[in-house]
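Me: Please take a close look at the strands here. I want the pairing, the burial and the contacts, in one connected account.

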Amino acid sequence: MSLPPMIVTPPGLDALYALCRRVYPNQPNPLQVTALVKYWLGGPDPLDYISMYSHQGDAEHNIPPHWHYISFGLSDLHGDGRVHEGSGNDSPSGFGFELTFRLKREPDETSPPTWPAALMQALAKYVFQSGNTLCSGDHVSWHSALDNGESRIQHMLMTEDPVLGVLQTPLGSVTFIQIIGVCQEELQAAQRWKGQGVIDILKRVNGAGGPWLVTDMRRGESILELDVCVQEEIELGIESDGSSLSGVSARCSWVEADPDQISPCPSDNEDSGEGGYLREGPAVQPDNHSNSSRLHVDAPIPPSVSDEERVRIKAELRKGLLNTRSKDSNDRLSSPFDSNGNSCRKNSFEDVAPQVLESTELMRTRKLDGLHLTFNLESGLLLPLAIRGRVQHGRHFTFKSVLGDTAITFVSSNVTGTFVTSDNPFVAHGPWLQILVSEDLAQQMSESFDGLSNDIFLPKLFMWKEHKLAITIVIVLYGTHVSCAVAEVHSLSHPVDVVLDPVLGVLQTPLGSVTFIQIIGVCQEELQAAQRWKGQGVIDILKRVNGAGGPWLVTDMRRGESILELDVCVQEEIELGIESDGSSLSGVSARCSWVEADPDQISPCPSDNEDSGEGGYLREGPAVQPDNHSNSSRLHVDAPIPPSVSDEERVRIKAELRKGLLNTRSKDSNDRLSSPFDSNGNSCRKNSFEDVAPQVLESTELMRTRKLDGLHLTFNLESGLLLPLAIRGRVQHGRHFTFKSVLGDTAITFVSSNVTGTFVTSDNPFVAHGPWLQILVSEDLAQQMSESFDGLSNDIFLPKLFMWKEHKLAITIVSD
């Protein structure tokens, strides 16, 4: 009789479990939150497990009863490369840390709440996606109650767990970083001064967490209210130490400009803007004849960076800026970009100088005569910290743009290792802008920022003409169609539609025309109808159906029935509309990617010794050549490197992809396809191909066209649910549909044989034109795809693989 095989606990996981058993010997089997589909099998949650222990507290030492949450997955649990690259005993295991959280237990609680597990998964996703690690003293701005309730505890500080500390495992060292819930005032104190200083006060002040920093979600007072002496202590700390925060990720951009040429109130014949618009990366040359140009200034094209450098720079900007924390005010500035992919947060400049030079030596350095910077409100509110807490203490502060490959660093004259001098205070080194802030300018900026708060009227323009510097703070508006994301890591979509306000309409002002666009709240079924058919058709029905909004489309948040339920004839009307008209939606922004592949080589169930994937993983841009020795390669197929695009073309293409695809709506089904990329920055949503052909050719003529033998596409679930619309509502009506990737410079367009102006033919149905992939869907393939997509819904088991081998096409839908 054969014995069942023994289940061996992986070495990293076993070491963590052993530590937990020593700390909690009476809880050998704690409650656990477990990822149903592990991250290394394509699941959405990076943490394999989160254990929840009960701690009785210690009243004598001011430690309340609490729940203790411990994560498993940020460190290397397995040691076989499935998630983290292998490391030795003398180096960090995985990311080098695990998260913990101590939550005060309510008297009537018998089991731990599970919301902290969701919070820890969200933080873990940030770490995996950005490559940034969390260290003691760090802070996280959350802007929402941690338990999604009404609590004042809406942000987090990080500290070393007082009990678990640091553990040496067979796969490397693991530091247990404890999350501390804090309120807005405490977060601001940590930003203006230093995280560790605020943590020390939290430990000391009665009712703020105690020596073990137990988070109390019902705490209604900040440390400044619990102890009136704390405010003075923090102010004295800021005055003596300055701020320890040397950089943040931000929404910001810049353009070379003479402040004398910046007009806060442009006239009708000028471009509608003041430079105060957030854009991607460094400034590009504006087109004087384009309405999309938002500048009143001559903005030279920044120096070009090679493709290899661009990839390296982008990787480093994604990971986070080099956080140098010197022991005195004579800081030495180090580049946000190094060549080996390390975050290097705690290294000094001397430690990383060789790598920095290797990465940046090929970048051109450009002296600028004047500058106009733009920040969104949240980033702009940190400008006083940057100037008063850093520059005026002889240090530097960096805003790393989340909008593209750029960083803006303010430096004082005490900071060494910079490119700026007193004669040349503005220097762009590749995508890295440095600004030397003299003592006089720092004082002027500090005074100008007095009163800067959430209540200021936007846009707000600050100008120091004698220093040739201007800063605009703007509000960032997102809109016109459909999903409003509450937060990147825990998004909740609320469908809306928009229409011209029935009363206000269009107003002609001395500065130009203003259209009043009314938001209409709709339910999921109505949104889907607008996507499958057309928004105006659904709006007309909403006006007509009793109880759905009336002629003025008044939103009723208590409306419990959709138009399909309020009027049983509406379903048939919509279906007939779709059948006769198809869909007016010609493209969407989506999470998608593609790789050249032979479907015969795609394995839906890879073995353990293969890369944990089937090509069905979302990646940035077109496929790149997989590294056979790299665990980050998620392909089972030979994926040739796509044609390269010049830097100038890349900037133009990326700008157009961000703005939205060219939405051509011809009057008949004989559509002509126009490029998502044109040369002058216009969205051109309503132009025909003939109108923009010269610009399209100017923009795309330098791109190489490549015929592909087979394809494997990957979509996340939300994007994949639009595939039936793309095929039935567009392609089968002789039209085209484009998925514009939000993951990189690429777009995927399905076209029918009726669409002209394409690169595809019946002999070559798959063609990549630079970053633009076109797929010719024959009538036979369209019918097969339409039938395959029957039953596609939110309830399907993921990943879901569709394959049409005779057409050499495969599509995988994955969880986000």
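Reply: Tyr69 of E3 has Phe101 as its bridge partner in E4. This is a predicted model, in which local features need pLDDT of at least 70 and side-chain atom pairs count only at pLDDT 80 or more, while totals for chains, interfaces and linings use all residues. Residues are numbered from 1 along each chain as its sequence is written, and side-chain values use heavy atoms, with hydrogens and water left out.

Strands (E, at least two residues) and helices (H or I, at least four) are DSSP runs, numbered from the N terminus. Two strands pair if DSSP finds at least two bridges between them.

E3 covers residues 66–72. E4 covers residues 92–104, and the two strands run antiparallel with 5 bridges. E3 also pairs with E2 (residues 49–55), again antiparallel, over 7 bridges. There, Tyr49 is matched with Phe72 of E3.

Burial in E3 is marked: 7 of its 7 residues are buried. Buried means under 20% relative accessible area, exposed over 50% and partly exposed in between, with a 1.4 Å probe and protein chains only. In a regular strand, side chains alternate between the two faces of the sheet. In E3, His66, His68, Ile70 and Phe72 point one way. Trp67, Tyr69 and Ser71 point the other way. Residues on both sides are buried.

Next, E5 and E6. E5 (residues 139–141) begins with His139. Its side chain makes a polar contact with that of Gln191, at 3.3 Å. A polar contact is a pair of N or O atoms within 3.5 Å; within protein, one must be able to donate a hydrogen and the other to accept it, and residues adjacent in sequence count only if both atoms are side-chain atoms. Beyond its neighbours within four places in sequence, His139 is in contact (heavy atoms within 4.5 Å) with Met156, Leu157, Leu187, Gln191 and Leu245.

E5 and E6 run antiparallel, joined by 3 bridges. Ser141 has His155 of E6 as its bridge partner. On to E8 (residues 172–182): 6 bridges join it to E6, antiparallel. Thr159 is matched with Gln178 of E8. E6 spans residues 155–160, and 5 of its 6 residues are buried, so it is largely enclosed by the rest of the structure.
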